[in-house]
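Visitor: I should like a close look at a single part of this model, with its surroundings described in order.

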Amino acid sequence: MTASISSRDLSAAPRVLVVDGSKVVRQLITRVLKTELPQAEVVGCGSGAEAHQLLGEGVFDFITVALRLPDMDGLELARYVREASPQVYVPIVVVSGDVDDRLHRRALGEHVTDYFDKSLGFQALAEFIRGYVRPESAVEGVVLYVEDSRVVALATRRMLEKIGLTVRHVVSVEDALALLETERAQGGVGADVVLTDVSLKGELTGGDLLKFIRNDFGYGKGRLPVLVMTGDENPDNQAALIRAGANDLVEKPVEERLLVTKLLFQLRVAQHLRAREETGQ
């Protein structure tokens with residue numbers, strides 16, 4: 001894995017790192033993951049220091065972390081992964097049953113991919129992780145796709161429609177904003193996930209679209225996930241996109257399996273959150 005965006009071959013056996021101070025919890029998570037993902041390698045550890053060492057020794061496809069660890073806050077470990085380890089964009093999910101203010105407000109910071117409520121059960125967690133590391137089944141969902149190259153758009157659209165997604169393609173940020181504004185006026189959002197290039201031919205960039213979605217429309221990362229495609233390998237510029245509200249990044253030229261796995265992961269997370277909101281949980 002490079003210092004910028006992960007290009008690990010996800011056809012390989014997935015490696016999952018489980019970080020939790022409770023040996024019992026680690027065993028429970030490992031047991032259910034091995035049942036749901038028998039080909040996966042599950043590595044457990046009980047502290048942030050142990051996690052630091054493991055991250056330096058090998059690549060992981062997914063990390064679960066408790067909010068509170070014996071030697072540090074789980075969010076501190078997430079920050080370490082983003083800033084100090086080579087695995088900048090590995091998905092990091094906080095697994096916790098704690099109900100404190102920052103979880104209610106989903107104020108987990110820019111380093112955490114998502115929060116998973118332990119009360120939903122470890123079986124649900126296994127299915128959640130499998131959605132990323134083994135996205136084998138077709139899913140339903142609407143993708144708002146912003147790309148000004150007709151050739152690239154055609155190829156990418158075919159990738160997404162092949163797995164059952166509906167694609168609403170526009171060629172500029174201005175068109176995307178008009179679509180979102182129209183949908184909002186009618187009480188909708190307009191898409192389940194946004195996929196946008198950074199560099200576009202209009203006056204506005206993919207970064208501008210991020211700011212409009214997060215600030216002007218007020219859609220959080222769970223309400224409307226945004227996946228950004230970029231050819232810029234500068235880690236500082238990549239980090240700026242994450243801070244601006246991108247859920248994840250995909251390096252260009254796009255590798256089909258990597259794009260699909262990242263997109264389906266964000267889609268499933270958003271659908272899970274909306275389902276919880278609808279049931280009032």
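Visitor: In which sense do strand 6 and strand 7 (residues 166-170) pair, and over how many bridges?

Guide: Strand 6 and strand 7 pair in the parallel sense, over five bridges; two strands count as paired if DSSP finds at least two bridges between them. The model is predicted, with pLDDT of at least 70 required for local features and 80 or more for side-chain atom pairs, while totals for chains, interfaces and linings use all residues. Residues are numbered from 1 along each chain as its sequence is written, and side-chain values use heavy atoms, without hydrogens or water. Helices (H or I, at least four residues) and strands (E, at least two) are DSSP runs numbered from the N terminus.

Within the pairing of strands 6 and 7, Val146 faces Val170 of strand 7. Strand 6 also pairs with strand 8, again in the parallel sense, over four bridges; there Val143 has Val193 of strand 8 as its bridge partner. Strand 6 spans residues 142-146, and because four of its five residues are buried, the rest of the structure largely encloses it. Buried means under 20% relative accessible area and exposed over 50%, with partly exposed in between (1.4 Å probe, protein chains only).

Strand 8 (residues 193-197) includes Asp197. An unreviewed UniProt entry places the feature "modified residue: 4-aspartylphosphate" at Asp197; such annotations may be inferred rather than shown by experiment, and their positions follow the numbering used here, with feature names shortened. In the model, Asp197 is buried, at a relative accessible area of 5%. Neighbours within four places in sequence aside, Asp197 is in contact with Val146, Glu147, Gly206, Met229 and Lys252, contact being heavy atoms within 4.5 Å. Three of these names lead further into the surroundings of Asp197: Val146, already met opposite Val170, Gly206, a buried residue of helix 8, and Lys252, from which a cis peptide bond runs to Pro253 with omega near 0 degrees. Most peptide bonds, by contrast, are trans. Pro253 belongs to the loop between strand 10 (248-251) and helix 10 (256-278).

Helix 8 (206-216) can be followed from its start. A side-chain oxygen of Thr205 comes to within 3.2 Å of the backbone nitrogen of Gly207 at that point. This is a polar contact: a pair of N or O atoms within 3.5 Å, where within protein one must be able to donate a hydrogen and the other to accept it, and residues adjacent in sequence count only if both atoms are side-chain atoms. The buried residues of helix 8 are Gly206, Gly207, Leu209, Leu210, Ile213 and Arg214. Around the axis they cover an arc of only 160 degrees, so they lie on the same side of helix 8; the arc is that of the directions from the helix axis to the C-beta atoms. Asn215 and Asp216 are exposed on the other side of helix 8. Strand 6, helix 7 (173-185), strand 8, strand 9 and helix 9 are what the buried residues of helix 8 pack against. After helix 8 comes Gly218, with a positive phi near 75 degrees.

Two of these packing partners, strand 9 and helix 9, can be taken together. Thr230 is located in strand 9 (residues 226-230) and is buried, its relative accessible area being 5%. A polar atom of the Thr230 side chain lies 3.0 Å from the backbone nitrogen of Asp232. Further along, Asn234 caps the N-terminal end of helix 9, where a side-chain oxygen of Asn234 is 2.8 Å from the backbone nitrogen of Asp236.

Helix 9 comprises residues 235-244, of which Gln238, Leu241 and Ile242 are buried. Viewed down the helix axis, these buried residues fall within an arc of 100 degrees and therefore line one face of helix 9. Asp236 and Arg243 are exposed on the other side. Among the elements covering the buried residues of helix 9 are helix 8, strand 9 and strand 10. Just after helix 9, Gly245 adopts a positive phi of about 125 degrees. Most residues other than glycine have a negative phi.

The route thus leads from strand 6, paired with strand 7 and with strand 8, through the buried Asp197, to helix 8 packed against strand 6 and strand 8 among others, and on to helix 9, whose buried residues are covered in part by helix 8.
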